Structures are given as structure tokens and as C-alpha cells.
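Student: Please take me through this structure by question and answer.
Tutor: Certainly; let us begin once it is displayed.

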Amino acid sequence: MTTIGYITLEYWEVAASALFFVLASGLALLFEVGLARSMAWVAVRMVTQLLLVGLVLKFIFQATSGLVTLAAASVMALMAMREIMRRQRRPLKGPWRWLPGSVSLLTIGGLALLFALLVVLRPEPWYSPRLLLPIFGMILGNSMNGITLGLNAITNAIVRERNAVEARLLLGFSRWRAIRPFAAEALRTALTPIMNAMAATGIISLPGMMTGQILAGVPPVEAVKYQLMIMFLIAGVVGLSSLLAMILTIDRLTDERHRLRPDRLHTS
Amino acid sequence: MLQVRDLARPPMLKPASFTLPEGTCGVIMGASGSGKSLLARAIVDLDPNEGTVRWRDHVREATPAPHWRRLIAYVPAETGWWAADVATHFPADAPARAHMEDWITTLGLKPDILARQVSHLSTGERQRLALVRALIMAPEMLILDEPTGALDAASRDRVETLMRELLNEGRTLLLITHDAAQARRLGQHFWRLEAGRLTPASPPEPEPANHAEPPA
């Protein structure tokens, strides 16, 4: 069954695509790799999760209501905020545990999303969930990674390179100047994945979103334009949000007397 | 003069008060773990602390911390280095950079040491370089924490020579050491720190002659 260049799949066709996976699982069982059970389990999980997401998205897209879209976006943002908090090896104590990551994720990610919708894409209505949710998802996922990497790198530096930072403070540098080389290194760490992705894209790998659009019948050059827009958006958000999260963290890890305050970190 | 009043960092450092006249060398003696480095860190405001410190007519609490640390330089026993090469740590625009070569020579370091990598330096070389690094910022007073701890006798004498030069120039030194002979050679005012409590002390007695003691 075909529409304009786009082949819809029947459920039996999807099931047929599992043939190779079933073969692999069978071999795993035969050679007692000890993976057969978990292979079956992840397959069941994947099918359930994706079918559920499909149903949820179907509902949200049909509703095309600002409120429903906002609720969905909020759930996504909350999950990303929680993930940033969970993935920090040396989080700040108290509410600062989630403040820097959440504030930068929401402000920078939110601004970039609004920019993409209101200035670049201009859909009707502007909050069209079919565009808003996938774009917000890509922004959140990448920004979350950048922030996590940046925060881990900067708190690591302040604990492990404490002597070097304090040597700079002792020479009369301000707290910002004292930490700058370590912050620059942390920002490099935060930006490395997205920079690598930008460099490799189109040569080593075709981006998943672009592949998806091409499969869906979008002309390749149109898919490329979308991909470029997304990559620029993501790279900008990763850079700005990890920088903001690091600035907020450094502000908390130093005080107005220009001294380091590692006592404001959880030690483990 | 340096005026320290009730400087404390509970619970490790009990309130300490002392006065050190300008241009003199004060010595703080005490066993490891008695809180000597904590006291030095408190004077330069590197840890949260209580009490007041004045240097000449500067009140620490009213002076921005970076400015305060340029007046009073603290050279820890083991300091950090933030770049791989030595030269980066000696910026060309440092206020007393012009005297750097003299200090490097006085301390017995090779003139090409700036071209080397920090990781290739010995502990003793790093310790002396840290002193030069502090000096090029032109501080009025220096707190030296075990400045000869990692040095052989010859290098130790060179550091002491530099310290005397600094005193002759009118600079004030606060020396933290557990080397009684060194304290006797350089010190004019003495304190002892025991379990976080600072008390005035008399100059350390010369060691009995049968102890191998380098000549003063």
C-alpha cells in the first residue's frame, strides 16, 4: 500500500522484520550465550513502549490543544531535569542540586524552541505538537547531555584541581579568572559530542531524523535543510545551556570573598 | 603592621591574636596537623573564618579579597600548577616581573627553567618556583609555609638568603616551619601552635651539640 512515495507498513510486515532478530535470539539460546531471555525482554519492552508512545502522540496530535502540548512538553522537560540531577557525580547540596541544570535547560531550551517555531518554521497553530514535541525532544536530549558533561567536568576540576585553582586565587585573581582555564576545559568537554556529530554528519552517518524524512518521501535536499536547522539549533543550545549551568554552579562553588567552597558539594 | 584579632576557624583553629611589626620576620612553629596551614589560609581569607585581620591601614573585611591577596601573598608548602609549561605561570605583565631573573639566580634555579614542563621539575624546583611566582606579584608581605621543606642544605641556604634580602627591602615575612634552627636563624617574633591554639613563644633553644646541626 503506497501513498506519495511513502510506504505504510501492515502489522504482519513489522512482525516479518523481526525475523532476523528471532534468528539471532535462537542462536543465542542454542549456544547458551545467556542473552536469550534479556533479548526477548527488551523486544517486548521496545514494542510496548513504542506502541504506547504512538498512541499518546496520536492523541496529542489529534487534540492539537495548547494545553495538552504544554503538558506533554512539561513531562519531557521534567524527565530531562531529573536525568541531569541523577547523572551528576558530585551534585551541589540542597536545592542547588537541580537549580543550575534545570534553569539553563528551561530558559535556553525554551527560548530556542520558541525561536524555531515562531521565527523559523512558523506553523499553524504555532504550537503544532507535530513539530513542537520532536524538536523540543531533540533540544532537551542534547542539552541534557551537554549540561551533564559540563557540570561533571567543572565540579571534578574544582575538587581534583583545587590546589591549582587556589594557587591562582592566592596570586590575587578573581574567582572567575581563577577558574577560567578549568571552565574552558569543561565547556570543551560539554561541546565535544555535538561537535563530533556535526563533523561526522553526512559522511560517517546519516542523521536519524534526516533518514526518517527521506524514508517518508521528503526530497533529500529538503530533509538536509531540516537537518541543518536542527543541528544549528541543538549546537547553540548545548553551548549556551551548558555554559549557563556552569556559571551558576561556579557561582555557588565560590563566594563573595573569592574562595572555593567545595563544602557545598556532596562528597561521594 | 599585621594585626590579627580572634582569627578562628572552628573547630580546628581556636581564636588566635597576634601582631607582627612591618619589616620583621615572625615564625609560627608547631607539629604537623596543629593548624599552621589553616591559620595561614585564614589570614589570606581562603577558607570561611571568624575574626579580623589588618595590614597597615587595610582592613581585610573591607578589602576585596583579590586585592588583599596581592598585599599578603601566601605560598603553601605544596602549591598547584594550572598549565603544562612553566612559562604560563609567569605572566609578562606581572608587576615585579623585571626582578624575576635575579630571584631565579638567587634561588639557584637554572635560567632556562621557564622553558621546561612543570611535570619534569623536581619537588624542590617547584617549591622555589612557587616563591618566585608569588614574588613577581609584588606583595608587601609573604606567608611562607615550610618554604625549604623539600630542599637540600645548599638550596635551603639560598632560600634563606632571599628571605633576608626581602627583609632588608622592608618586606614582612611570616614563616611557618618546624625547623627550629631555621626559626632561630631568621625569626624575630615567635609563636607556637598546638592543637589549633596559638601562644607566644620564646626563640627555640639551640639543639645540643651532638645533634648534627648545620652551622647557622
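Student: What percentage of the 268 residues in chain A is buried?
Tutor: This is a predicted model, in which local features need pLDDT of at least 70, side-chain atom pairs count only at pLDDT 80 or more, and totals for chains, interfaces and linings use all residues. Residues are numbered from 1 along each chain as its sequence is written, while chains are lettered from A and ligands numbered from 1 in the order in which they are written. A residue is buried if 20 or more other C-beta atoms, placed from the backbone, lie within 10 Å of its own, exposed if 12 or fewer, and partly exposed in between. By that criterion, the buried share of chain A is 28%.

Student: How many helices does the secondary structure of chain A contain?
Tutor: Helices (H or I, at least four residues) and strands (E, at least two) are DSSP runs, numbered from the N terminus. Chain A has zero strands, and its helices number ten.

Student: Which helix gives the most to the largest nonpolar core?
Tutor: A nonpolar core is a set of buried Ala, Val, Leu, Ile, Met, Phe, Trp, Tyr and Cys residues joined through C-beta atoms within 7 Å. The largest has 98 residues, and A:Ile154 is among those with the most contacts inside it. With 13 residues (in the stretch 129-160 of chain A), the greatest contributor is helix α6.

Student: At roughly what angle do the axes of α6(A) and α10(A) cross?
Tutor: Axes are lines fitted to C-alpha atoms, for helices over the stretch in contact, and angles run from 0 to 180 degrees between N-to-C directions. Helix α10 comprises residues 220-253 of chain A, and its axis comes within 8 Å of that of α6(A). The crossing angle is roughly 35 degrees.

Student: How many charged residues are there in the contact of α6(A) with α10(A)?
Tutor: Two residues are in contact if their C-beta atoms, placed from the backbone, lie within 7 Å; A:Ile154 in α6(A) is one of the residues that meet α10(A). Ala, Val, Leu, Ile, Met, Phe, Trp, Tyr, Cys and Pro count as nonpolar, Asp, Glu, Lys and Arg as charged, and the others, Gly among them, as polar. The contact of α6(A) with α10(A) has 15 nonpolar residues, eight polar and, as for charged residues, no such member.

Student: Which element gives the most to the side of chain B that touches chain A?
Tutor: Chain B places 16 residues in contact with 16 residues of chain A. Both α2 (65-71) and β6 (72-75) of chain B supply at least two residues of that side. The greatest contribution, five residues, comes from α2(B).
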